[in-house]
Amino acid sequence: MKPLDQISKEDLSKIKMIVFDVDGVLVPRGTKIKQVGNTTTLQTKVIAEKQIEQISELNRRGYLINISSGRGLYMLQEMFRDILPFVSLTYENGSATWYRGKIYQHVNSFEYLKDVFPKLKKLASENKDIRGFEPKEFIITLHCKKQIKEIEEIVKKYPKLTTFWNGEAYDVELKKDQTKAVGLRHVMKVFKLKRENVMAIGDNYNDQELVKESGMSVSADKTRVKAKFYVPLEGEFLPADVLMQKILSF
Ligand SMILES: [Mg+2]
């Protein structure tokens, strides 16, 4: 892996689309959630004006922008409201993509998640370390105070499903079919792009496949994601800020 300041204008010559993970890349890590009975409270990070400006400038220079996140569509639309005309939103770990009001569904998980859901719901009502469910359409996201073995045990009984603890929540989803890499493959088809036309940046384990799928991979946390280039973690700017500053410097 090379530090990002070694990226050259030549490296960028074929790049037509830049794919951004959200948490830990465009905003600081962490979504706060609280569920009391049937009331769910979500506290979300907003994207800074500076990043909105940088994305707008990338767009003016002719780059396509794709946002790839585990978050739900409603939340991404709210975060990127000012720049919705020119960003595509791939949500719930590659499950679907929204672009200019049209939704491209990449996977149908209903049959596979419908049976596990009541079991997790029951567990959540009994376990105080489970904060609550984040509203999602295609995956199940359970926010927890800590890692909870019972969740992992329940999911293990369904061979088609997988889950993993990311430090604040569990995403329960289809193995192999609900990943950011699958989402990116569909997005490349929609925009008629090849791998070499795509640059992707991510910071967490579920971004490894995403960045590998792109021709130009950038890691925002080299302890978790291996890539061609990396952005140093310590620093006053968010990883996406550093990357955009670099691209816009050419
Ligand atoms: Mg992230």
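**Close-up 1. The E6–E7 turn, with Glu92 in the loop between E6 and E7.** Helices (H or I, at least four residues) and strands (E, at least two) are DSSP runs, numbered from the N terminus. This is a predicted model, where local features need pLDDT of at least 70, side-chain atom pairs count only at pLDDT 80 or more, and totals for chains, interfaces and linings use all residues. Residues are numbered from 1 along each chain as its sequence is written. Glu92 isn't a glycine, yet its phi is positive, at about 50 degrees. Is Glu92 buried or exposed? Glu92 is buried, because 27 other C-beta atoms sit within 10 Å. (Buried takes 20 or more other C-beta atoms within 10 Å of a residue's own, exposed takes 12 or fewer, and partly exposed is in between; C-beta atoms are placed from the backbone.) The hairpin made by E6 and E7 has four residues between the two strands.

**Close-up 2. Strand E6 (residues 87–91), covered on both faces.** Five of the five residues of E6 are buried. Val87, Leu89 and Tyr91 are on one side, with Ser88 and Thr90 on the other. That fits the usual pattern: in a regular strand, side chains alternate between the two faces of the sheet. On to the partners. Strand E5 (residues 64–68) runs parallel to E6, and four bridges join them; Ile67 has Leu89 as its bridge partner in E6. To get from E5 to E6 the chain passes through helix H2 (residues 73–79), in a right-handed β-α-β crossover. (Right-handed here: with the strands pointing away from the viewer, the path from the first strand over the helix to the second runs clockwise.) Strand E7 (residues 96–99) pairs with E6 in the antiparallel sense, over three bridges, and Trp98 in E7 stands opposite Leu89.

**Close-up 3. The open sheet, built from nine strands.** Read across, the order is E1-E15-E14-E13-E2-E5-E6-E7-E8, with mixed pairing. (Two strands pair if DSSP finds at least two bridges between them.) Strand E1 (2–3) and E8 are the edge strands, each pairing on one side only. Elsewhere in the sheet, strand E13 (residues 198–202) and strand E14 (residues 216–219) run parallel and are joined by four bridges. Ile201 has Val218 as its bridge partner in E14.

**Close-up 4. Helix H6 (residues 180–190) and the elements over its buried residues.** Lys180, Ala181, Val182, Gly183, Leu184 and Val187 are buried in H6. What covers the buried residues of H6? The cover includes strand E2 (17–20), E5, E6, E7, E13 and helix H7 (208–213). (Contact means that the C-beta atoms of two residues, placed from the backbone, lie within 7 Å.) After H6 comes Lys192, with a positive phi near 55 degrees, in a residue other than glycine. Lys192 lies in the loop between H6 and E13. Lys192 counts as exposed, because it has 8 C-beta neighbours inside 10 Å.

**Close-up 5. Ser109, in the loop between strand E8 (102–105) and helix H3 (110–113).** Ser109 is buried, because 20 other C-beta atoms lie within 10 Å. Leaving out residues up to four places away in sequence, Ser109 touches Phe138, Ile139, Glu173, Leu174 and Gln178. Gln43 is 66 residues from Ser109 in sequence, and the C-alpha to C-alpha distance between the two is 27 Å.

**Close-up 6. Where domain 1 (2–107 + 178–248) and domain 2 (110–174) touch.** The bounds come from an automatic or database domain assignment. Taken over C-alpha atoms, the domain centres are 24 Å apart. How many residues of each domain are in contact with the other? There are 15 from domain 1 and 15 from domain 2. On the domain 1 side, strand E3 (32–36) and strand E4 (39–43) each supply at least two residues, and E3 gives the most, with three. That side of domain 1 divides into four nonpolar, nine polar and two charged residues. (Nonpolar covers Ala, Val, Leu, Ile, Met, Phe, Trp, Tyr, Cys and Pro; charged covers Asp, Glu, Lys and Arg; polar covers the others, Gly among them.)
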